[in-house]
Amino acid sequence: MADSRTSRSSEGLGSTSPAPAVTRAAAVMDALSASATGRLTLSDLARELGIPKSSTSNLLLALEEARLISRQGAEFTLGRKLVELGAAYLSRLDEVQEFYRFCEQAPTLSGETVRIAMLDGTNVIYLARYEGHPAVRLTSNIGDKMPVSLCAVGKALIARLHDHDVDAMFSDDAQLPVLTPKSLRTGAELKAQLSTIREQGYAFEDEESTTGVVCLAVAVPTRGAHGPSLGLSVTAPKATYSAEQGSQMVRELNELARSLGNPMG
C-alpha cells in the first residue's frame, strides 16, 4: 500500500479534478472501506491522499460533521450515514424490491439463500440477500465485493461478455484469488468454463468460495441500453444438494431474471 502512495504527485489526489474536495472525500471513504481493520489514522489518510495533514484534517472534520465518517480515538471509520444512503439507494432500485417479492413466493427459492449482485469490473457487489435457509451462513453481506472467479454469479455475468473483453480482464496466466482447494487458479481455467455457462444458460460453483457449499447463478437480461449488469444466485449445502433440486432452482432463477429484465413480461 505504501508503494501506491509514494507515486502521488506533490499536489496530491484530486489536483486535476474539477472538484478536488469531492474527489478526496471519496478517496477517504474508499481507503477506509479497503482497510483490513476498517480504521485509519490521520497520518494514514494524509499519505493516501498525498496532501498535508492540515488539509486532510479539515477534510476529515467536514466528513465527520456530515456523519460520513466517525472518529474513534486517533482513528477514523466509515460513518452510519453511509448505511442510510445505501438503504435509500436500494429502496429505490425496483429490481431489489421485485427480488424480495419473488423470493418470498417462489416454491423452491423461498426456502433457500438467494442473492442479487451487480458486476463491477472484475468483482461483483451484492445488492440484496434473501435468507430462506438458516443452515447456510454466508460471509458476504450487502455491499460486499467478491471476485468474479470465486462465485457463480460472477461467472454468469462475465459469460455474457465478448471473448475479447474477458481477455482484457484476465490473461490466461493471471493468478486468481483462492479461498478453498477448489477455487479456480488461473485466467485460463476461468475462461474454459465460459462456453459451458453460455451453452447451458447458468453457472455452477462447486465449493469454490466456501467448503461444503454449492451455488447456481444466472444473468438478468439487461434492461435498456444503460441498465445495470445484474445476476442472481442461489446457495445450498452440498451434502443435501441434488441435480433435481438444482434444475428447479435454475428454473425459478430464470423466471425471476425474466421478471427483472422485462417487467412488462
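Contact here means heavy atoms within 4.5 Å. The model is predicted: local features need pLDDT of at least 70, side-chain atom pairs count only at pLDDT 80 or more, and totals for chains, interfaces and linings use all residues. Residues are numbered from 1 along each chain as its sequence is written, and side-chain values use heavy atoms, without hydrogens and water.

**Exercise 1. Find the partners of I116, then place I116 in its core.**

Step 1. Skip the neighbours within four places in sequence. I116 then contacts E95, F99, I125, Y126, L127, A128, L230, G231, L232 and L260.

Step 2. Define the core: buried Ala, Val, Leu, Ile, Met, Phe, Trp, Tyr and Cys residues joined through side-chain atoms within 4.5 Å. Buried means under 20% relative accessible area, exposed over 50%, partly exposed in between (1.4 Å probe, protein chains only).

Step 3. The largest nonpolar core has 25 residues. I116 joins F99, V114 and L232 as the members that touch the most others.

Step 4. List the elements that give two or more residues: α6 (94-105), β4 (113-120), β5 (123-131), β8 (213-219), β9 (230-237) and α10 (243-261). Helices (H or I, at least four residues) and strands (E, at least two) are DSSP runs, numbered from the N terminus. The largest share, six residues, comes from α10.

Step 5. A second, separate core holds 24 residues, including A117, A156, L157 and F170.

**Exercise 2. Is V220 buried or exposed, and what does V220 contact?**

Step 1. Locate V220 in the loop between β8 and β9.

Step 2. Its relative accessibility is 3%, so V220 counts as buried.

Step 3. Beyond four places in sequence, V220 contacts R160, L230, G231, L232, A257, L260 and G261.

Step 4. Take L260: it lies 40 residues from V220 along the chain, yet their C-alpha atoms are separated by 6.8 Å.

**Exercise 3. Describe how α2 packs on α4.**

Step 1. Fit axes to C-alpha atoms, for helices over the stretch in contact; angles run from 0 to 180 degrees between N-to-C directions.

Step 2. The axes of α2 (residues 20-34) and α4 (residues 53-65) come within 11 Å and cross at roughly 75°.

Step 3. Angles under 35 degrees count as roughly parallel, over 145 as roughly antiparallel, 65 to 115 as roughly perpendicular and the rest as oblique. The two helices are therefore roughly perpendicular.

Step 4. A21, R24, A25 and V28 of α2 meet L59, L60 and L63 of α4.
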